[in-house]
Amino acid sequence: MRQHRGLLTVQTESRAVLARTAGRLLHQAPGAQALPTIGDWVALQLPEGEGEALLHAVLPRTSVLARREAGSERDGQLIAANLDIVFLAAGLDGNFNPRRIERALSLAWSSGASPVVLLTKADLHPDAASLVAEVEALTPGVPVLALSARTGDGVESVAAHLPAGKTGALLGSSGVGKSTLVNRLLGESRLVTQAVREEDDKGRHTTTHRELFVLPGGGLLIDGPGMRELGLMGGEDEGIEQTFSDILELAEGCRFSDCQHQGEPGCAVRAAVASGALPEARLASYERLRREQAFQARKASVTPERENRKHERARTTMAWEAMRSKRRRD
């Protein structure tokens, strides 16, 4: 339910307990992505009295949302597991960026969950409906909701996507209003919020950990720190194809089956760009994400020795964080 500096909060049927990851799991997990994250179901050994529980295993996941860790060419960062919905939040106060939405959609589709785009701070934009239509054109079949967590307008539409027993996660950069939305859905000010910087509409990192909240209607929602970088991991082929399905449909009309859309004769994709039917920026975004995905896929083919070193670093970091947390409590 909560993950902060190596310390885990796990909800059992009867109570919430503090837990640490068992040493055997830390050392025998095949990689960092096999270690526990928010939304996981786990095998837990409860303490006899007060004290910490011991987390022995992570149960098989139905979906995993992950990104390439910021500042790294290879290391992945788990965001959440066992999701039904990924809410992609973009603010209409200067944070709006169609290219970032496309990138986030590729990650969301690849996770195994279904995306929903949230255009937050709709009260600050004079024509939010036009941006909803613009995003709908980029995301055929994906719900696009305009809302204002500050006024409450449109929030009920978000709650409708999280009926009892369904789990969602909020994904977006700092300052788009994720914590304000969580507070509105909870009906109380559980999370601290801050205003964005006036000079550039950039958000301040208020939320410092990930946490899963139970909403009044029984749905589950995960919130965490804002993310300015959403690096691909290398396994997003299907997610990119779903995000850019319009380009793939156009490509079926190209003269050559292996057309790269770089000026080959009979290219239906370039013809659509020339006619204005396909924005050139969208094609450039597709090509950029495909190159990044292919690069990361090659990087993922690492030697066992290199993978073991990466895993050892992850184990050591988690073990030290757990030790420091225990010392602070003692």
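How many of the five residues of strand E6, residues 64–68, are buried? Before I answer, a word on what we are looking at: this is a predicted model, in which local features need pLDDT of at least 70 and side-chain atom pairs count only at pLDDT 80 or more, while totals for chains, interfaces and linings use all residues. Residues are numbered from 1 along each chain as its sequence is written, and side-chain values use heavy atoms, with hydrogens and water left out.

The answer for E6 is four of its five residues, so that the strand is mostly covered, where buried means under 20% relative accessible area, exposed means over 50%, and partly exposed lies in between, using a 1.4 Å probe and protein chains only. E6 runs antiparallel to strand E7, residues 76–81, and five bridges join the two; strands are taken to pair if DSSP finds at least two bridges between them. At one of these bridges, Arg 68 has Gly 76 of E7 as its partner.

Stepping back to the whole protein, there are ten helices and 13 strands, which are DSSP runs numbered from the N terminus, helices being H or I with at least four residues and strands being E with at least two. Of the 330 residues, 44% count as buried. If we take the contacts with a separation of 6 or more, 66% are between residues 24 or more positions apart, contact meaning heavy atoms within 4.5 Å.

Let me turn to the interior. The largest nonpolar core has 44 residues, and those that touch the most other members are Leu 83, Val 86, Leu 88, Val 117 and Leu 119; such a core is a set of buried Ala, Val, Leu, Ile, Met, Phe, Trp, Tyr and Cys residues joined through side-chain atoms within 4.5 Å. Among the elements that give two or more residues to this core are E7, strand E8 (85–91) and helix H2 (98–111), and H2 gives the most, with five residues. Leu 83, leaving aside neighbours within four places in sequence, is in contact with residues including Ser 63, Leu 65, Ala 113 and Ile 222. A second, separate core of 18 residues includes Leu 145, Leu 170, Phe 213 and Leu 215.

Next, please find His 209, in the loop between helix H5 (178–186) and strand E12 (210–214). His 209 is buried, with a relative accessible area of 14%, and its side chain makes a polar contact of 3.2 Å with that of Arg 2 and another of 3.0 Å with that of Glu 211. By polar contact I mean a pair of N or O atoms within 3.5 Å, where, within protein, one must be able to donate a hydrogen and the other to accept it, and residues adjacent in sequence count only if both atoms are side-chain atoms.

Finally, consider the loop between helix H7 (245–251) and helix H8 (268–275), where His 261 lies. His 261 has a positive phi of about 60° although it is not a glycine, and at 8% relative accessibility it counts as buried.

Why are Cys 259 and Cys 267 not bonded through their sulfur atoms? Their sulfurs are 3.7 Å apart, which is too far for a bond, given that a disulfide is a pair of cysteine sulfur atoms within 2.5 Å. Both cysteines are buried, Cys 259 at 9% relative accessibility and Cys 267 at 7%, and the structure holds zero disulfides.
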